[in-house]
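Q: I'm new to this structure and would love a close look at just one part of it. Could you pick a helix, and walk me through what it touches and what lies around it?

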Amino acid sequence: MTHHHGHHHGISPGADRGPLRLALGLILGFMVVEVVAGVLGHSLALLSDAAHMLTDAGAVALALVALSLAARPPTGRFTFGLGRAEILSAQVNGAVLLVLAGVIGFDAVRRLGHPPDVDGALVLAVGLLGAVVNVAAAWALARAQRRSLNVEGARAHVITDLYASLGAAAAGALVLAFGFREADAIAALVVAALMLRTAWSLLRDSGLVLLEGTPRDLDSDAVGRTLAGHAGVVEVHDLHVWEVTSGFPALAAHVLVAAGDDCHGIRRELEHVLDERFGIHHTTLQVEHEHEDAGRLLEIEGRGEGTAGGRG
């Protein structure tokens with residue numbers, strides 16, 4: 001049982017780890033700088049940016065772990081391999097972002113009432129430096145070949161963080177130029193809002209996979225219509241389309257063909273159509289002749305299901 005067929009969706013972890021490690025190093029190093037500057041300069045904008053950086057680092061670290069897990073071949077207990085490690089990590093990431101956004105939002109609202117004395121020059125300088133670090137990290141992540149929910153998640157984080165750093169820099173500039181101390185808390189609120197948005201999209205996408213939803217770029221009705229409309233197919237039912245992990249859709253269906261037709265020939269044709277038109281390579285089709293299932297077929301048609309090729 002050592003046949004490796006876990007590499008069929010283009011996993012080449014070696015090529016991706018270098019750029020991811022580089023991004024991780026940049027982000028972690030700068031996060032420490034931001035925490036120190038935020039505490040010394042009394043800036044919540046910098047601290048919120050650092051909190052966002054922490055989740056960036058988490059996103060990249062989880063992407064690294066998930067890459068090595070996903071690359072393991074399927075085994076006895078995990079017959080699909082460990083590709084879903086990525087989806088779980090995206091979910092953890094979304095949850096952490098949600099909590100941090102809440103903490104920052106709470107603190108920012110409190111500070112709006114009594115804005116502390118913010119060191120504008122320090123905030124401006126560190127914010128601009130943060131923007132540079134984020135651009136570098138985004139560039140490193142763009143070099144990772146694999147487009148998984150996780151690497152995309154990490155990139156979304158870093159780009160969001162770029163805006164957060166620029167926001168902090170703008171707040172620093174406002175404090176410096178006009179003594180507008182509330183700017184710092186306002187910038188922190190904006191960062192919290194950005195974090196909530198990222199958290200929502202991560203939780204929504206990973207939740208869809210974990211609840212066996214049809215991938216967002218696939219229309220299961222269209223897939224059903226295509227199968228039912230194929231020559232020789234009488235009916236399709238128990239159609240399931242789901243995603244094992246990002247970029248790995250799977251399909252299972254029960255297909256009935258006319259009594260005299262070639263089951264295996266039609267199955268091969270259907271598999272080819274699913275592969276060509278919808279990019280679904282992993283299919284399980286149970287093809288049977290119509291008369292074997294006549295009783296059930298009548299009952300289903302009697303219920304007026306629309307999948308019976310639109311008859312009646």
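**Helix α7 and its surroundings**

A: Let's begin in the sheet beside the helix, where E235 stands opposite L256 in β2. Keep in mind that this is a predicted model. The pairing of β1 with strand β2 (residues 248–257) is antiparallel and runs over nine bridges. These strands belong to an open sheet of three, in the order β1-β2-β3, with mixed pairing. β1 (233–245) and β3 (282–289) stand at the edges with a single partner strand each, so one side of each has no neighbour in the sheet. On average, neighbouring strands here are turned by 10° against each other, direction ignored.

Now to the helix itself. Helix α7 covers residues 220–228, and it packs against helix α8 (residues 263–278) at an angle of about 145°, the axes being 11 Å apart. The crossing of α7 past α8 is right-handed. On the α7 side, the contact is made by A222, V223, T226 and L227, which meet L270, V273, L274, R277 and F278 in α8. Sorted by character, the residues of this contact are seven nonpolar, one polar and one charged. The spacing along the helix has a simple background: an α-helix has 3.6 residues a turn, so residues three or four places apart point the same way.

Which residues of α7 are buried? They are A222, V223, G224, T226, L227 and A228. Their cover brings the picture together, since it includes β1 and β2 from the sheet as well as α8.

Note on methods:
Residues are numbered from 1 along each chain as its sequence is written. This is a predicted model: local features need pLDDT of at least 70, side-chain atom pairs count only at pLDDT 80 or more; totals for chains, interfaces and linings use all residues. Side-chain values use heavy atoms; hydrogens and water are left out. Axes are lines fitted to C-alpha atoms, for helices over the stretch in contact, and angles run from 0 to 180 degrees between N-to-C directions. Helices (H or I, at least four residues) and strands (E, at least two) are DSSP runs, numbered from the N terminus. A crossing is left-handed if the near helix is turned anticlockwise from the far one by less than a right angle, and right-handed if clockwise. Contact means heavy atoms within 4.5 Å. Ala, Val, Leu, Ile, Met, Phe, Trp, Tyr, Cys and Pro count as nonpolar, Asp, Glu, Lys and Arg as charged, and the others, Gly among them, as polar. Two strands pair if DSSP finds at least two bridges between them. Buried means under 20% relative accessible area, exposed over 50%, partly exposed in between (1.4 Å probe, protein chains only).
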